[in-house]
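Biologist: Please give me one close look at a single part of this model. Then tell me what lies around that part.

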There are 2 protein chains.
Amino acid sequence: MTRPINFGAGPSALPESVLKEAANGLLDFEGTGIGIAEISHRSKQFTAFVKKTETLIRTQLNVPSTHEILFTQGGGTGQFSAVVYNFLARHRLLHPDDGEPVLDYVVTGSWSKKASEEARRLVGGSRVHIAGDGRREGKTFTRIPGHSEYSFSPNAALIYYCENETVDGVQFSHDPSAPASFPFDRLPTTAALLPLVADYSSSFMSRPIPRLADHALIFAGAQKNIGPAGLTILIVRQDCLVDVDAAAALGAPPVPISMAYNVIADAASLYNTPSVLALYISGLVLDRSLNLGGVQYYEQLNRRKADKVYAALRDGEARAIFRPKVEHGSRSWMNVVFDVLGDGAEARFIAGAEQLNMKALKGHRSVGGIRVSLYNAITEEQTDRLVAYIRQFT
Amino acid sequence: MTRPINFGAGPSALPESVLKEAANGLLDFEGTGIGIAEISHRSKQFTAFVKKTETLIRTQLNVPSTHEILFTQGGGTGQFSAVVYNFLARHRLLHPDDGEPVLDYVVTGSWSKKASEEARRLVGGSRVHIAGDGRREGKTFTRIPGHSEYSFSPNAALIYYCENETVDGVQFSHDPSAPASFPFDRLPTTAALLPLVADYSSSFMSRPIPRLADHALIFAGAQKNIGPAGLTILIVRQDCLVDVDAAAALGAPPVPISMAYNVIADAASLYNTPSVLALYISGLVLDRSLNLGGVQYYEQLNRRKADKVYAALRDGEARAIFRPKVEHGSRSWMNVVFDVLGDGAEARFIAGAEQLNMKALKGHRSVGGIRVSLYNAITEEQTDRLVAYIRQFT
């Protein structure tokens with residue numbers, strides 16, 4: 001049987017070769033005779049696998065030695081809370097007299113909005129400052145703000161943005177001269193090491209990360225480009241691995257132990273039992289990725305895939321049928337969102353795709369429309385099949 | 001190749017038939033053509049699977065309709081924090097004027113000790129009351145305290161115990177007349193619905209849960225008896241699903257959103273993407289368990305297995321070689337811990353077992369000695385092989 005093409009937004013398609021390898025690993029992990037879900041997370045085989053997976057990320061993203069790579073659980077939603085706790089602790093130790101610092105959030109879609117709402121729940125609304133907002137007149141998220149629209153606080157405990165908004169299909173440009181790039185040069189310069197936090201959940205490993213070394217924390221759930229749900233990856237600058245208990249003694253909110261970055265780092269990501277299967281499959285995917293040419297390979301591939309789909313939507317007669325939801329320049333390579341115009345046309349588009357074995361094209365329930373997710377595991381050939389379908393759809 | 005016998009304490013052995021089924025599911029989940037790690041967690045197939053898994057637990061443990069069954073991430077360590085937050089919120093709503101309630105912990109081993117330490121981190125040591133302690137003269141954990149040794153607080157926000165201590169091999173008896181049973185009848189009667197919390201991580205689904213309905217919360221990581229690491233199961237009484245934000249408005253500590261029981265329940269365990277693979281394999285194991293006769297079947301099997309191993313350790317000449325670490329009556333069915341007496345005897349015991357393809361018998365690094373974990377997936381025949389080895393070891 002030919003596998004369907006899964007354009008789902010996450011959990012999402014994984015390479016078939018990796019799934020076959022993982023199926024073997026379920027019964028026998030690296031010749032131990034014990035399955036990957038059964039072996040001790042403290043065994044030498046598994047700890048070596050964790051180390052190797054860390055190196056696969058470090059090599060491909062060129063992560064400098066100033067940053068640790070950690071693995072944890074809880075996904076982006078867990079990190080929405082964890083960043084608040086850890087960066088409040090860090091701020092308290094750096095500025096013991098600044099008892100109620102502000103947290104800066106750049107809001108460009110549903111996920112950064114959710115993250116800012118969690119900060120409001122934990123510290124109160126008056127301390128959450130929206131430093132940038134992509135909405136025009138408070139409406140839907142359709143763009144990255146222009147550089148002149150940001151207003152960062154001088155001494156925020158954290159500065160937060162989401163690189164790719166999975167629901168809204170809005171993504172920062174990686175061309176530093178583009179209006180939709182992240183405004184690194186407008187960040188406050190008062191602090192030498194800025195508390196800059198980026199949610200890379202839905203674009204992690206899809207292309208290089210610009211100015212990675214300038215980030216305090218980059219986090220990502222695995223379930224888009226690199227593996228099954230259940231694994232969260234952290235790239236943390238070492239000055240952010242603070243003694244959270246010392247900070248609490250000075251008045252910062254105590255940090256739940258499973259969320260404390262210093263605790264996770266001190267235990268080399270094995271403070272408690274990790275999500276072994278998700279970590280294992282992610283390791284296999286990352287190994288395959290390196291062999292293909294790493295994030296540079298995927299950058300070229302993903303650019304071509306996205307260009308082809310966006311071009312098809314605007315080509316000739318298609319213009320009258322399809323309407324991209326996001327403004328030019330802010331469009332995501334990972335999640336292409338558009339409306340199909342005309343009564344019943346959207347349902348017809350989805351049904352026709354299903355007949356061609358192309359699945360999961362429905363947009364997120366909160367925004368509707370069509371969403372095509374083009375994560376790493378979607379091949380160019382699969383993209384071409386979708387493009388052909390778009391071109392012939394009338 | 002014959003698979004080794006994996007006596008590891010967790011992650012631990014899983015039934016081979018389930019691993020084979022899961023290997024197929026990685027490529028094709030229930031005939032969808034999409035793998036279980038790739039399908040949307042909001043698809044009708046996956047949500048039906050979650051519902052079915054819930055029913056498999058409800059049926060086998062006879063969970064009453066007063067209690068919800070929820071799935072989350074983060075393991076026992078995550079719950080050490082979550083119980084504190086959720087039960088402080090509940091207490092605040094029930095007793096708005098009791099601003100600094102006490103938390104009662106029964107400490108019978110490393111894990112309940114860790115849980116009490118996390119409570120200390122989050123609320124301060126003065127509010128954590130040790131309501132029972134198994135140590136004699138503050139030494140190692142070798143027993144469950146006698147009923148007369150407990151001192152519960154009259155209006156604690158939570159009363160916490162760990163049913164089976166994986167590291168120390170100490171477990172509560174399920175015979176209500178036994179001295180090592182949990183002292184249900186000594187709990188305060190002032191509150192109609194007691195905030196009684198039990199960590200069942202390493203004995204969940206190994207036998208029925210006595211007085212389940214009297215618990216406010218039972219939680220368990222999956223990675224012992226029912227599945228891979230990454231899944232946490234909660235059985236929560238409905239009065240514990242409180243509006244944590246309303247409690248925070250009254251002064252309770254805010255609850256990280258991914259830990260809030262009411263949020264998880266309102267979203268039917270899908271507030272954020274769950275650990276799909278761990279949930280899937282656990283569902284397969286639970287289905288198999290039901291077909292075999294449920295927890296009643298495992299109760300009989302696990303009793304026989306534990307009896308055989310403990311008997312072998314005390315039989316004839318074995319008495320001079322092996323010394324169980326835990327006092328009679330408090331010995332765990334799941335984790336049998338003992339010392340092998342004599343210079344180098346322990347290393348010899350482990351090496352000899354390895355030659356017979358019996359693995360992971362080393363005790364936890366904090367206590368040393370030997371630990372034999374006899375979770376559900378260990379068969380009676382595998383136990384017999386270990387028993388034969390113990391009997392011939394000199």
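Modeller: I will start with a sheet in chain A and then move outwards.

This is a predicted model, in which local features need pLDDT of at least 70, side-chain atom pairs count only at pLDDT 80 or more, and totals for chains, interfaces and linings use all residues. Residues are numbered from 1 along each chain as its sequence is written, chains are lettered from A and ligands numbered from 1 in the order in which they are written, and side-chain values use heavy atoms, without hydrogens or water.

Now the sheet. It is open and has seven strands of chain A, in the order 2-10-9-8-5-3-4. Its pairing is mixed. Helices (H or I, at least four residues) and strands (E, at least two) are DSSP runs numbered from the N terminus. Two strands pair if DSSP finds at least two bridges between them. Strands of a sheet pair through backbone hydrogen bonds, either parallel or antiparallel.

Look at the edges. Strand 2 (67-72) and strand 4 (128-133) of chain A stand there. Each has a single partner strand, so one side of each is left without a neighbour in the sheet. On average, neighbouring strands are turned by 20° against each other, direction ignored. Axes here are lines fitted to C-alpha atoms, for helices over the stretch in contact; angles run from 0 to 180 degrees between N-to-C directions.

Next, one pair inside the order. Strand 5 (residues 158-162) and strand 8 (residues 196-199) of chain A run parallel. Four bridges join them. In one of these strands, strand 8 of chain A, A:L196 is the bridge partner of A:I159.

A helix also meets the strands. Helix 4 (residues 110-123) of chain A lies across strand 3 (103-107), strand 4 and strand 5 of chain A. Contact means heavy atoms within 4.5 Å. Against strand 3 of chain A, helix 4 of chain A runs at about 155°.

Step back to the whole chain. Chain A is divided into domain 1 (24-289) and domain 2 (294-392). These bounds come from an automatic or database domain assignment. The centres of the two domains of chain A, taken over C-alpha atoms, are 28 Å apart. Domain 1 of chain A gives 26 residues to the contact, and domain 2 of chain A gives 23 residues.

Last, a glance at chain B. Helix 7 (residues 276-292) and helix 8 (residues 294-313) of chain B pack at about 80°, with axes 6 Å apart. Among the residues that meet are B:L290 in helix 7 of chain B and B:Y297 in helix 8 of chain B.
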